[in-house]
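I opened the model to look up cysteines, nonpolar cores and one stretch of parallel strands. My notes follow.

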Amino acid sequence: MRADEAYRDRSPFQGAEDEPLLQRAVPLARDLPDYDVPSGRRDLLAGLTVAALALPSGMAYASLAGLSPVVGLYALLLPAIAYALLGSSRQLIVGPEGTLAALVAAAVLPRAAAGSAQAGELAALMALLAGLCFLLARLARLGWLADYLSRPVLLGYIHGVAVVLVIGQLGKLLGLSIAAADPIPQLREVVQELGSASGTTIAVAATALAVLIGARLFAPRLPAALLVVLLAIGASELLNLGDHGVALVGSVPSGLPSFGIPKPGWDDFRALLPSAVGLFLVCFADEVLTARSYAGRHHQHVDAGKELVATGAANIAAGLTQGMPVGGSGSRTAVNDAMGARSQVSAIVAAGAVLVVVLFLTGPIADLPKAVLGAAIVVAALGLVEPRAWAELWRTDRVEVGIAAITVIGVIATGVLQAILVAVALSIVDVVRRSARPHDAVLGYSDRLGRYADVALHPGARVTPGVVVYRLDDRLFFANASYVKGRIREALRGAPTPPQLLVLDAEGMTHVDAAGAAALADLADALAAEGVAIVMARVKGPVREHLDGAGVTAALGGPAAYHPTVRAATASSRPAPNA
């Protein structure tokens with residue numbers, strides 16, 4: 001069948017069929033038709049466990065941001081549901097996070113007293129502004145930015161986060177009050193205060209760690225984190241652990257947030273906007289990296305465009321309900337995944353559990369030892385560590401191992417945004433480095449393969465006397481034009497007989513820029529003076545059009561220099577131009 005008949009009135013490239021409108025708008029709807037009782041059981045246990053961790057940590061992050069603890073609880077309700085309905089990740093849990101809390105504190109506290117109503121209003125405004133940044137980024141189709149987060153960046157980021165999470169919990173595990181917010185100062189402060197550690201707190205933490213690690217190794221499907229939290233609350237009440245130096249979560253205020261738009265002054269709006277943009281960048285990078293890390297484990301797909309919408313909606317929901325900015329939570333996502341969550345139903349369960357607790361059960365949470373919370377987060381962080389992934393990367397490309405290692409160090413030493421920017425820049429430099437030294441080959445005809453092949457790999461391939469066939473397996477552009485000219489010269493010098501014809505196999509040349517075209521034209525002129533003609537084989541249509549427009553075709557001697565196959569090009573005996 002002729003191509004014009006086969007593809008009449010349609011493109012040869014067909015995208016996937018559009019999903020039903022409901023599934024496009026609410027990705028969670030994809031999971032519901034096949035949802036069964038085992039999935040529901042896993043999501044229920046995962047959601048309850050996430051809620052048990054989210055309640056105290058949400059209050060802690062709100063306090064870190066200089067806000068009333070109840071602001072952190074508000075951020076666990078409607079924002080979590082908004083992401084659950086709109087997000088493309090099945091595992092990601094959103095809510096208050098340490099990095100975002102630190103950014104909020106830096107922007108809000110210079111303009112409002114810690115814990116004041118004004119501070120809460122400014123934090124809500126930051127959430128609204130960040131949410132609008134997400135939605136504007138979606139309208140501008142900036143989801144492609146996530147594609148620059150390569151596998152080494154993903155690997156380094158998630159392991160850096162694991163280290164940050166563990167360091168951040170050391171104070172809780174040892175019964176120390178750590179004032180520092182960044183990992184290295186936190187670690188330094190822990191070492192300095194080690195002599196003041198609480199023996200009772202260490203015993204509680206060690207017991208929780210032993211149970212959680214043991215359950216992870218020998219009973220991975222057991223909802224160990226939830227059971228440990230419940231047992232710890234019971235033990236705390238029974239043994240009066242608070243009277244023995246064990247830090248407890250403390251009282252949790254009850255009640256629901258009111259719905260409304262923050263109304264700060266114009267000066268506040270103008271001052272917070274740059275911070276909100278920075279928060280958006282950190283939040284998006286953090287959220288997409290976390291979501292894609294878990295999606296890769298489960299052979300799932302995360303749509304960056306949908307993530308922009310979902311995280312934007314979550315932050316707008318936080319701003320309208322007196323919450324604080326929210327993003328992907330590494331610790332709660334790790335726990336959610338470890339508990340076997342199958343869908344965002346677990347996040348809805350978690351939000352429902354938080355709602356019930358905020359309304360009716362704030363009392364028992366007050367007795368939860370902070371050390372148990374820290375132990376659960378540490379075990380979840382350890383689950384992020386994948387030595388096998390590092391080994392695979394080492395076998396594949398050691399430069400990428402360096403990129404991943406720099407990302408780890410950067411996350412720990414400088415923070416998420418700076419580390420990601422450096423890692424992405426290194427990835428781009430690595431791409432340019434590879435293109436600057438592209439793979440190439442001298443070809444000969446292999447009777448066994450029935451085609452032209454690399455003579456270095458196929459020593460039996462036959463070469464035509466007086467002809468050098470050179471193949472470039474990359475685009476020809478400014479970064480490699482000089483290198484390719486030099487390699488062609490080396491191929492001509494290495495020919496077994498004096499060359500009279502150079503055949504450029506251009507099948508792998510997907511693009512030629514101005515510098516590449518100029519290099520080809522200069523090479524054609526120089527070789528013509530030496531009595532060597534240049535012809536080209538298998539040139540793609542768009543490349544041919546560009547070479548025509550750039551004057552390369554004229555330098556080669558006209559359209560006769562182009563051939564459909566390497567065999568035809570090799571058989572040509574056209575004399576060199578000006579010869």
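Why is the sulfur of Cys133 in no bond with the closest cysteine sulfur? I found that closest sulfur in Cys283, 11 Å away, which is too far for a bond. With a disulfide taken as a pair of cysteine sulfur atoms within 2.5 Å, I count 0 disulfides. Cys133 is buried (under 20% relative accessible area, 1.4 Å probe, protein chains only), at 14% relative accessibility. Cys283 is buried too, at 1%.

On provenance: this is a predicted model, where local features need pLDDT of at least 70, side-chain atom pairs count only at pLDDT 80 or more, and totals for chains, interfaces and linings use all residues. I number residues from 1 along each chain as its sequence is written, and side-chain values use heavy atoms, without hydrogens and water.

Next I looked up the nonpolar cores, sets of buried Ala, Val, Leu, Ile, Met, Phe, Trp, Tyr and Cys residues joined through side-chain atoms within 4.5 Å. In the largest, of 65 residues, Leu212, Val354, Leu368, Val372 and Leu384 touch the most other members. Its largest share, 10 residues, comes from helix H17 (residues 370-382). A separate second core has 43 residues, among them Val94 and Leu122.

Last, I checked strand E6 (residues 501-505; strands are DSSP runs of at least two residues, helices H or I runs of at least four). 5 of its 5 residues are buried. Leu501, Val503 and Asp505 point one way, Leu502 and Leu504 the other. E6 runs parallel to E5 (residues 467-472), joined by 5 bridges, and Val467 has Leu501 as bridge partner. E6 also pairs in the parallel sense with E7 (residues 533-537) over 5 bridges, where Leu501 stands opposite Ala533. I took strands as paired if DSSP finds at least two bridges between them.

Notes:
Buried means under 20% relative accessible area, exposed over 50%, partly exposed in between (1.4 Å probe, protein chains only).
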